[in-house]
Amino acid sequence: MACLPAASLALRRWLGLGLFVLLCLSSGYALEKKVVKSKVGEKVGLPCCHEIPSWESLHNYRVYWQKNTTEVVLAYAEGKKISEHDRYKNRTEMDPRNLTLWISHMEILDNGPYQCVVQRRISQNSVVVCDEAVALIVTADFSEPNITTEVSATSCDSTEMVVTCSSHGGFPKPRISGTFNNMSVVWNAIWVSESSFSPYNVTGKQSFNVTKDTNITCSVEYGGLAKTTSLILKKTNYCIEPTVPPSYNVITASSIIIIIFLLAITLAARYLPRHGFLPCVLRTAVPTVCCTAMLIVLTLWLSERG
């Protein structure tokens, strides 16, 4: 008989430990909130926390699907629909076995927390079988980002540009990012929306100093999705080296050579006989003078450059 109290005490300890483990597991499960993602216009199913066994029917249950714990979306009792929210009419249906709530033609306003509450009728009473929340995240696609540029200043070395990146018609509120020459860009962003549950328009601006043709990207990130556009920013002004005028020495030397050349022609025409000698002089003297002049000018020019 002495063994019975000891065995009873051990059993109590094991039961207490088991209840503690179950409590921890149930707490951890409750913390793992279910999340369902969808896009505007799609049909999505929100899972419930209970499935009716094959030997039972929906007539033995009460099922409430509600939003924000206060707004009843859809409710069933004794196998019949007893309530449906006006905003969800003709858009919702519930699976009679696993109690999944199907919502079609998804809208941004559908975004938010939902809750499935299941009660089972026992005799004249109802017992809560399960009560679990599901988070519905609704997204709307943004347009492809549009990148435009405006030159604000220019010089021989660089071009100052104001770059604008814009996108519209998406949800939820986006984050705008990008890269310039493989470096992260922090945009000066502006968001516009009629309300917290309306599509957003976003515009980002930033100034860049462009010293060479460089690639820039702009990304709009929202609800785990992203749209990205890239553009090559071109340096618009390339300086041309000015033509260097001839130096004073080259001009002087050229003038002297021309004068000597003219004097040589004049003297040859005046003092040499005209029958045969002048053509000969012209054929021999002129090329020699020209070559000499070109050599002198080239030498002076090279000395100026070097």
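Tutor: Two strands count as paired if DSSP finds at least two bridges between them. The model discussed here is a predicted one.

Student: What makes β3 and strand β8 a pair?

Tutor: Strand β8 covers residues 112-122, and 7 bridges join β3 to it. The requirement is at least two bridges, so β3 and β8 are called paired. The two strands run antiparallel. Within this pairing, Gln66 stands opposite Gln115 in β8.

Student: How do you know that β3 also pairs with strand β4, and in which sense?

Tutor: There are 6 bridges between β3 and strand β4 (residues 71-77), and the sense is antiparallel. Again the requirement of at least two is met, so this is a pair. Tyr64 has Ala75 in β4 as its bridge partner. The hairpin of β3 and β4 has 3 residues between the strands, and Asn68 takes a positive phi near 55° there.

Student: Why is β3 called largely enclosed?

Tutor: A residue is buried when its relative accessible area is under 20%. In β3 (residues 61-67), 5 of the 7 residues are buried, so the strand is largely enclosed by the rest of the structure. For the chain of 306 residues, the buried share is 29%.

Student: What is the strand order in the open sheet that holds β3?

Tutor: The order is β1-β9-β8-β3-β4-β5, which makes 6 strands with mixed pairing. From one strand to the next, the twist averages 20°.

Student: Why are β1 and β5 said to stand at the edges?

Tutor: β1 (34-39) and β5 (80-84) each have a single partner strand, so one side of each lacks a neighbour in the sheet.

Student: What makes β8 and strand β9 a pair?

Tutor: They share 11 bridges, against a requirement of at least two, so β8 and β9 (residues 125-139) are paired. Their sense is antiparallel. Pro113 stands opposite Ala135 in β9.

Student: Turning to Thr92, is this residue buried or exposed?

Tutor: Thr92 has a relative accessibility of 11%, and the cut-off is under 20%, so Thr92 counts as buried. Its place is in strand β6 (residues 92-94).

Student: Which residues is Thr92 in contact with, leaving aside neighbours within four places in sequence?

Tutor: They are Val73, Leu74, Glu84, Leu101, Trp102 and Ile103.

Student: What makes the link between the side chains of Thr92 and Glu84 a polar contact?

Tutor: The distance is 2.9 Å. A polar contact is a suitable pair of N or O atoms within 3.5 Å, so 2.9 Å falls inside the limit.

Notes: Residues are numbered from 1 along each chain as its sequence is written. This is a predicted model: local features need pLDDT of at least 70, side-chain atom pairs count only at pLDDT 80 or more; totals for chains, interfaces and linings use all residues. Side-chain values use heavy atoms; hydrogens and water are left out. Helices (H or I, at least four residues) and strands (E, at least two) are DSSP runs, numbered from the N terminus. Buried means under 20% relative accessible area, exposed over 50%, partly exposed in between (1.4 Å probe, protein chains only). A polar contact is a pair of N or O atoms within 3.5 Å; within protein, one must be able to donate a hydrogen and the other to accept it, and residues adjacent in sequence count only if both atoms are side-chain atoms. Contact means heavy atoms within 4.5 Å. Axes are lines fitted to C-alpha atoms, for helices over the stretch in contact, and angles run from 0 to 180 degrees between N-to-C directions.
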